[in-house]
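Reader: I have a structure to look at and do not know where to begin. Please show me how to read its core and its salt bridges.

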Amino acid sequence: MRKSVLAVHRRPIGQYLFPIGSLGLAALIHFGAASMEPSLLSIKILALIVVAIFIFATVFVVLHHAEAVARRLGEPYGTLLLTFSVTAIEASVIVSMMLHGENNPTLARESVFSTVMIVCAGVVGICLTLGGLKHRYQDIKRQGTNACLAVIMALTVLTLILPNYTLATSPGTFSASQLAFVSVLSVLLYGAFVFAQMVRHRGDFIEDLTSSAEHEEHVSEGGKVTTNVLLLFVGLAGIVLLTEQVAGSIENGLEFLQVTQADAIVGFFVAALVLMPEAVSAVRAALNNELQRGLNVALGSACATIGLTIPAIGAASLLTGRSLTLGLGPGDTVLLILALAISIVSFGTGRTTMLTGLVHLVVFVAYLFLIFVP
């Protein structure tokens, strides 16, 4: 009996190693980059490979801690904790890259747009496809899903499409007052969504699939929630610092190669890497026939990205005086509207299949192709 109890609470060394090691590796790279000779290209490439491996490993460890905390807190609080953490990472990466070196006015736009497309087309498509293959049909709660989609649509149009049609400044940009106004609206709307999800209409976002016995078993496996929370934030901090290092190197390499879509590629890379914990969590939930929880994670991340990241980069732009271009081009606008429209149709009946997931994936593949072949 004693042996089984100790086995339950013993944590693998990797659960400590990767979160703490990622922070140490980020500090080592930060202080060692300045002294590295420019001619040592092979060492830089090797370092990037090691960093990438460390990031991917840390992502899965962070996901483990996030799921352990989610089981302790219950839904939707656990999902919101993961969403807030990941959004903080993305906002930090984007702001730090905005303030580093020369002004890059379109990087924030590309990162936010990539997040919406990865979530609404890619992650949702994978969830519906794999869930449909395994379970044939999956049911969702239309009230909660439609509320989330409504928030995404409003925030997306206000921040990524409306700037192309304002008259105060050049197309694609907001004036200072307009940017402040839209940022405040974004925060208020996202705050209203969180209030509805956590308090007012909590039942619209929860599916009652896990019994109390299973919940207690998961809790016992999670160990102390304080340790999970601490390692979660340490791991997320390591991911954001390492992601910034890798993204900066990729951006410099693309500029050296004179790639025309450098911002779009870097924005996609940042969004994909940062969203990986949520993407894996959503896919796991869909495979476990908990599609509503998977959609809460996926669509909630899109809401948080626009509702919180746009105000953060807007404040950075206003405080530093750096210009910010948010308006999407015609092609990206079409893809965005298509992804949102398909989401409305897919979730309209309250039941999803593999076919609806494949439709989302087709749009996502088109988005990926047009990044590299505009």
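Author: This is a predicted model, and we will take the core and then the charged pairs.

Reader: Which residues touch the most other members of the largest nonpolar core?

Author: In soluble globular proteins, nonpolar side chains tend to be buried together. Here the largest nonpolar core has 92 residues, and those touching the most other members are Met117, Ile152, Leu299, Ile313, Leu336, Phe347 and Tyr367. Helix α10 (residues 262–287) supplies the largest share of this core, 16 residues.

Reader: What does Ile152 touch, not counting residues up to four places away in sequence?

Author: With those neighbours set aside, Ile152 is in contact with Cys120, Leu299, Ala302, Cys303, Ile306 and Leu340.

Reader: How many salt bridges does the structure hold?

Author: There are 3. In one of them, Asp139 pairs with Arg351, with the closest N and O atoms 3.0 Å apart. This pair links distant parts of the chain: Asp139 lies in strand β1 (residues 138–139) and Arg351 in strand β2 (residues 351–352), 212 residues apart.

Reader: Why does Arg351 count as partly exposed?

Author: Partly exposed covers the range between under 20% and over 50% relative accessible area. Arg351 counts as partly exposed because its relative accessibility is 42%. Asp139, at 46%, is also partly exposed.

Reader: Are Arg109 and Glu110 buried or exposed?

Author: Both are buried, and their side chains form a salt bridge of 2.9 Å, N to O.

Reader: Where does Arg293 fit in?

Author: Its side chain meets that of Glu290 in a salt bridge (3.0 Å, N to O). Arg293 counts as buried at 19% relative accessibility, and Glu290 is buried at 16%.

Definitions and conventions. Residues numbered from 1 in each chain as written. Predicted model: local features only at pLDDT ≥ 70, side-chain atom pairs only at ≥ 80, totals over all residues. Heavy atoms only, no water. Core = buried A, V, L, I, M, F, W, Y, C linked by side-chain atoms within 4.5 Å. Buried < 20%, exposed > 50% of the residue type's maximum accessible area, 1.4 Å probe, protein only. Helix = DSSP H or I, 4+ residues; strand = E, 2+ residues; numbered from the N terminus. Contact = heavy atoms within 4.5 Å. Salt bridge = Lys/Arg side-chain N within 4 Å of Asp/Glu carboxyl O.
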